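I opened this notebook to record what I looked up around the ligand, in the pockets and along the backbone. The entries follow the order in which I worked.

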Amino acid sequence: MGSIQIQGGRPLCGEVSIQGSKNAALPVMAASVLAPGITTLKNCPEISDVACMCELLRHVGAKVYRQENVLTIDATEITDCRLPREYVTRMRSSVVLAGAMLGRCHEISLTFPGGCVIGDRPIDMHIQALKELGAEFTENGDNLSAKAARLKGAVIILPFPSVGATENAVMAAVLAEGTTEIYRCAKEPEITALCDFLNCAGAKITGQGSGHITIEGVERLHGCTYEVEPDRIVAGTYLIGALAAGGRVFLRNAPAGQLGSVCELAGFMGAKIAAEPAGIRVERQGKLRSPGFVETGIYPAFPTDLQSPFLVALCQAETMSCLTERIFNGRLAVVEELNRMGANIRVENNCAAMDGGQKLKGCSVTAKELRGGAALVLAGICAQGMTLVYNRHFIDRGYEDIVRDLKSLGVNIGGKK
Ligand code: EPZ
């Protein structure tokens, strides 16, 4: 389970290099199943969710090797289309293997991934999109299987720009017969990364990053070499850390172009933000102004994955704030632990309201999920005294080594895995 201890109360100072993106790497790894050959992923983050996806790929027959942050996937042979329950229930995003497996083997069987502490996480939109491409589903208890003798291009209109459903639809369409149009699809940078990877492997996709993607089905894909982009959520987490605790940091490789809404809010609250070709420079010395009302939204709005870390800055801002979570229906669980540190946040439905001006104090807290865990670490940096964050394993799902990174930003932090 592991824990992290932080001696807080000091501003940040230093430089950190931002790791590869978890949410870009996972769908690209799944997509490698579509190419019967060798795919090499550079800058692939060494995190437990990637390790979980490696096990899933090995389970279906691929050979997977890691050399530091380079992952090699040989998907020449795919021998099994059943995803083991253990991994699907551990990592919901294993569901994006469905589209890739249907494209490659025309068959998939998996456990319903189920919800998690950040809310219900149905896959109805994934299933609907894959059905429109010709997949036939059968449910048996909590097991779901699908077959698609032939995938045929279709016009898909998503009811909501779901990231995962968009990824599954794209992956099932690249080898389908004919052209597929996906409307009201997600515009997150990770969608663009997936489509760029697939085009590098021989697919014909246009429109990525807009709300409408067109895919012209091709006969076959081939292995390729692809570099995973830096993780905008990890970069945003450390940017918010500097905003909340004060100080001066340089976030090397941070993708400023993908953090517009976060940089704008941080600038309004008192941080000086300089986007440079090599990364983002952040400095906050004076007052922490409250932005008033904030809400999460689909890209390029303020990202739900930075909502919990952002609460740490808001609760210390001079005056009241209110943050509404618009994407997940249960993503404010971390408030209970933040309040034990003196955050004084009130939750009503999906809105977190706070008076601001709080002085956080260190204590023992428990992470319940990935981004809430990162928020507790940021709170420990700002708090007077020692904070102990238990259940470090949740944080290690998405952060390569948050202790290493924050140490390089001058934080008095240690931990055991
Ligand atoms: C991806 O999750 C990310 N995960 C999440 O990051 C991120 O928070 C989310 O997109 C939103 O940006 C990965 O990329 C691995 P959605 P995903 O489908 O695809 C509802 C992190 O911390 N919905 O866009 O699961 C759903 O319940 C993780 O790194 C349906 O109702 O997100 C949610 O309310 C957490 N039916 C909303 O849509 C469906 O079939 C957005 O979900 C699918 C989704």
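The entries below concern a predicted model.

**Entry 1: the ligand shell**

I began with the residues around the ligand and found that 22 of them surround it. The closest are Asp124, Met125, Ser162, Asp305 and Ile327. I then sorted the shell by residue class: nine residues are nonpolar, six are polar and seven are charged.

I next asked which helices each supply at least two residues of this shell. They are H1 (22–31), H5 (124–132), H6 (163–173) and H12 (370–382). Of the elements, H5 gives the most to the shell, namely three residues.

**Entry 2: polar atoms facing the ligand**

I looked up distances between oxygen atoms of the ligand and polar atoms of the protein. For serine 162, a polar side-chain atom lies 2.8 Å from a ligand oxygen. For isoleucine 327, the partner is a polar backbone atom, and the distance to an oxygen atom of the ligand is 2.5 Å. For arginine 371, an N or O atom of the side chain is 2.8 Å from an oxygen atom of the ligand. Ser162 and Ile327 are also listed among the closest residues of the shell.

I then checked how much of the ligand is covered. On its own the ligand has 830 Å² of accessible area, and the protein covers 87% of that area.

**Entry 3: the largest pocket**

Where does the ligand sit? I found it in the largest pocket. The space in this pocket is about 1,300 Å³. Its lining comprises 49 residues, and those closest to the pocket centre are Arg92, Ile118, Arg121, Val163 and Phe328.

The elements that give two or more residues to this lining are H1, helix H3 (85–90), H5, H6 and H12. I noted that H1 contributes the largest share of the lining, four residues, whereas H5 gives the most to the ligand shell. By class, the lining holds 22 nonpolar, ten polar and 17 charged residues.

**Entry 4: the second largest pocket**

I turned to the second largest pocket, whose volume is about 320 Å³. It is lined by 16 residues, and Ala244, Arg284, Gln316, Lys359 and Cys382 are the closest to its centre. Helix H8 (232–245) and H12 each supply at least two residues of this lining. I recorded seven nonpolar, five polar and four charged residues there. H12 thus appears in this entry and in the list for the largest pocket.

**Entry 5: backbone geometry**

I closed with the backbone. Most residues other than glycine have a negative phi, and most peptide bonds are trans. Which peptide bond is cis, with omega near 10°? I found the bond from tyrosine 299 to proline 300. Proline 300 belongs to the loop between strand S17 (293–295) and helix H10 (307–314).

I also noted glutamate 68, a residue other than glycine with a positive phi, near 50°. Glutamate 68 is placed in the loop between strand S4 (63–67) and strand S5 (70–74).

Key
Residues are numbered from 1 along each chain as its sequence is written. This is a predicted model: local features need pLDDT of at least 70, side-chain atom pairs count only at pLDDT 80 or more; totals for chains, interfaces and linings use all residues. Side-chain values use heavy atoms; hydrogens and water are left out. A residue is near a molecule or strand if one of its heavy atoms lies within 4 Å of it. A polar contact is a pair of N or O atoms within 3.5 Å; within protein, one must be able to donate a hydrogen and the other to accept it, and residues adjacent in sequence count only if both atoms are side-chain atoms. Accessible areas come from the Shrake-Rupley method with a 1.4 Å probe; for residues, only the protein chains shown count as cover. On a 1 Å grid over the protein atoms alone, a cavity is a set of points where a 1.4 Å probe fits but cannot get out, and a pocket is an open set with protein on both sides within 12 Å along at least five of seven lines; lining residues have an atom within 4 Å of a point. A molecule sits in a cavity or pocket if more than half of its atoms lie within 2 Å of its grid points. Ala, Val, Leu, Ile, Met, Phe, Trp, Tyr, Cys and Pro count as nonpolar, Asp, Glu, Lys and Arg as charged, and the others, Gly among them, as polar. Grid points are joined across faces, edges and corners, and a volume is the space filled by probe spheres set on the points.
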